[in-house]
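Subject: Structure handover, ligand sites and empty space

Hi,

Here is the structure you asked for. My notes on the ligand sites and the empty space follow below.

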Amino acid sequence: MCGIFAYLNFHANKERRHILEVLFNGLRRLEYRGYDSAGIAIDDSLSPLHSTSSPPPLVFRQAGNIESLVNSVNQEITNTDLNLDEVFYFHAGIAHTRWATHGEPAPRNSHPQSSGPGDDFLVVHNGVITNYEVLKETLVRHGFTFDSDTDTEVIPKLAKFVFDKANEEGEQTVTFCEVVFEVMRHLEGAYALIFKSWHYPNELVACKRGSPLLLGVKELDQDKSNNHVFKDAHFLSKNDHPKEFFLSSDPHALVEHTKKVLVIEDGEVVHLKDGGVSILKFERRNGSSRPASVERALSVLEMEVEQINKGKYDHYMQKEIHEQPESLTTTMRGRLIRGGGSRKPKAVLLGGLKDHLKTIRRSRRIVFIGCGTSYNAALASRPILEELSGPIYREDTAVFVSQSGETADTLLALEYARENGALCVGITNTVGSSIARKTHCGVHINAGAEIGVASTKAYTSQIVVMVMLALAIGSDTISSQTRREAIVDGLLDLPNKVREVLKLDEEMKDLAQLLIDEQSLLVFGRGYNYATALEGALKVKEVSLMHSEGILAGEMKHGPLALVDENLPIAVIATRDACFSKQQSVIQQLHARKGRLIVMCSKGDAASVSSSGSCRAIEVPQVEDCLQPVVNIVPLQLLAYHLTVLRGHNVDQPRNLAKSVTTQ
Ligand code: UD1
Ligand code: BG6
């Protein structure tokens, strides 16, 4: 979804070429979130520090990918003889990737959105302004004309309106921050915003409510040895040390520049000026709102630059599928107790939940909330939670499952659950995300950055965390101890089993070759692997753009059987568990109707599931039933990946999809 990025260099000579490259690279780091247009704004010429205005900035906007924006900027540079070598001692640039919600992808709908002719105020926005129509009517009455179909355009126009009014009224010079405060007072909805204005050269103001926003700070002092004596205050207070500031909706765009970040909170307005950062909080009290200054400390980004590179792989999705043995190991690191003799049982330790387990156990219900793949992961883990949690009572526990921790629909449910007094537990991959911060407690899945839009390693890590959650909840029940210990053993060996199943890569590529021209693929699953059927089908349709449907095998006779013929490929998941004999009977019935079958079975079962050798069998290692979905999804992830490459589609950024859906 929409991504924002800004780069401000202070007391540091940077050529225009460099500034453009930093902005474009920032946008490239946001690409994975999904977008359909992009834009940037830079200064036309250097404005001396403390000057009260500068020439209007240069704004470039383009529909399509970042490279088409880069090309159009290069074209414009050639046409206008813009000097790329020009050096800026100070400069504030803003950039944006847009995922169309209001209005088609087109330059006029791309960001930065402008206050009008002269570009007095420019804004990049992530989120949705819900009251934009009312604001637009008012602004039109005051003589503003609108050029875009976006909800965002009201924001820069409102800023100009506020600025002009303050000047007309002859108030003492209004600060940039005050303008933004006043604008914010009128906005409803979810947003993260960055403002740039030639009335305030070399300054940027950012604010947020609902959508994520981070500030990164990089000190450029030559004498690095002194760094350890600098406290956060040094980084944030006004001083003449050369430094760079970065603002982004996404840590991926910051990590290559700095790990020192400030997670901006809802209602905060961050003002970058004269080498310092001031943070004011927007607080509503007794119907009126007043700004209060806030002290904040920087935190360290827990992310490595390597995580955002493809390494030896062609695509992120491929890399993320193959790194599952390692990501699962990190998910479980420090959380499994191997036990020792009869005294110390095998168990799990979830640091983020240990103080809340009693409350969870005493809940009336445990409700899981998630979208897309996260929903499927919760579905995959439901049976073991039901089995191990035993009867529960009293109030509700709501568990929010989200890779990004920013999904708008999930966040709305979180607000509802909090307001209604439920204990809110998060299961997320993103430390510092909205869900991680707004839940009462939770577990980070620690799967590492996931860049491919189609979620793969986060899915398997989510399941593992939910199985560990079931073990933790059930840990006070003697009757299930043997079962729990078997699961702990299974977890310890799971990365090896995933390593083994990844060897099916070539076989899945061959299968993809056979299916390349098909219109549709059905996937039948049951019990623990109903979720695998849904998730496998989701992967196939998301990236390879082939229709695919996951179907509960028990429903086969109630409709889907009508589709069966010699042509339609059907995958049946029939690994060994309590549902195995039922799945065998499904295979026989499909076989009797000459169905074109692909059967996923446990190692050694190929002959028994495909007696006449008529089905294509995929043999996978057998593991504890509740962990089998982790193993079984891998061949389907590989199939989806290869189908996509062979069909010539974009693996990491499938059309129309966004990694993190931050609007409703
Ligand atoms: C934590 C540390 C980890 C360290 C370990 C040592 C963090 C992020 N993790 O891991 O680096 O090695 O202690 O014991 O500092 N939380 C939520 N909502 C969520 C997710 C988590 O509120 O959606 C809370 C948890 O309740 C907990 C904190 O965030 O208070 C950290 O959670 P988690 O990283 O899962 O805890 P540990 O595994 O103990
Ligand atoms: C989007 C993504 O739809 O959001 C999916 O394209 C993802 O891959 C879903 O599963 C939920 O996202 P999250 O971050 O809340 O797990």
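A cavity, in these notes, is a set of points on a 1 Å grid over the protein atoms alone where a 1.4 Å probe fits but cannot get out, and its lining residues have an atom within 4 Å of a point. A pocket is an open set with protein on both sides within 12 Å along at least five of seven lines. Volumes are the space filled by probe spheres set on the points, which are joined across faces, edges and corners.

This is a predicted model, with local features needing pLDDT of at least 70 and side-chain atom pairs pLDDT 80 or more, while totals for chains, interfaces and linings use all residues. Residues are numbered from 1 along each chain as written, chains are lettered from A and ligands numbered from 1 in written order, and side-chain values use heavy atoms, without hydrogens or water.

Cavities
The whole structure holds five cavities of 30 Å³ or more. The largest has about 70 Å³ of space. Its lining includes Cys2, Trp99, His102, His111 and Asp151. By class, that lining has two nonpolar, seven polar and two charged residues. (Nonpolar: Ala, Val, Leu, Ile, Met, Phe, Trp, Tyr, Cys and Pro; charged: Asp, Glu, Lys and Arg; polar: the others, Gly among them.)

The second largest cavity has a volume of about 50 Å³. Gly525, Arg526, Asn529, Ile573, Ala574, Thr575, Asp577, Cys579, Phe580 and Gln583 line this cavity. β26 (569-574) and α17 (580-592) each give two or more of these residues. (Helices are DSSP runs of H or I, at least four residues; strands are runs of E, at least two; both are numbered from the N terminus.) The lining divides into four nonpolar, four polar and two charged.

Largest pocket
Its volume is about 700 Å³. The lining has 34 residues, and Pro251, Met303, Asn429, Thr430 and Val431 lie nearest the centre. β13 (260-263) and β17 (299-300) each supply at least two lining residues. The classes are 12 nonpolar, 14 polar and eight charged.

Ligand 1
The shell has 13 residues (a heavy atom within 4 Å of the ligand). Closest are Arg335, Gly352, Thr439, Gly442 and His444. Polar contacts are pairs of N or O atoms within 3.5 Å. A polar side-chain atom of Arg335 lies 2.9 Å from a ligand oxygen. The side chain of Thr439 has an N or O atom 2.8 Å from a ligand nitrogen. Alone, ligand 1 exposes 730 Å², and the protein buries 55% of that (Shrake-Rupley method, 1.4 Å probe). β23 gives the largest share of the shell, four residues.

Ligand 2
Which residues come nearest to ligand 2? Of the 14 around it, they are Ser374, Ser402, Gln403, Ser404 and Thr407. Side-chain polar atoms of Ser404 and Thr407 lie 2.6 Å and 2.5 Å from ligand oxygens. Val453 places a backbone N or O atom 3.2 Å from a ligand oxygen. The protein covers 89% of the 390 Å² that ligand 2 has accessible on its own. Helix α10 (residues 372-389) gives the most to this shell, three residues. The shell has four nonpolar, eight polar and two charged residues.

One more residue
Ser544 sits in helix α16 (residues 530-544). Ser544 is buried (under 20% relative accessible area), at 0%. Its side chain reaches the backbone oxygen of Val540 at 2.6 Å.

Best wishes

Technical notes
A polar contact is a pair of N or O atoms within 3.5 Å; within protein, one must be able to donate a hydrogen and the other to accept it, and residues adjacent in sequence count only if both atoms are side-chain atoms. Buried means under 20% relative accessible area, exposed over 50%, partly exposed in between (1.4 Å probe, protein chains only).
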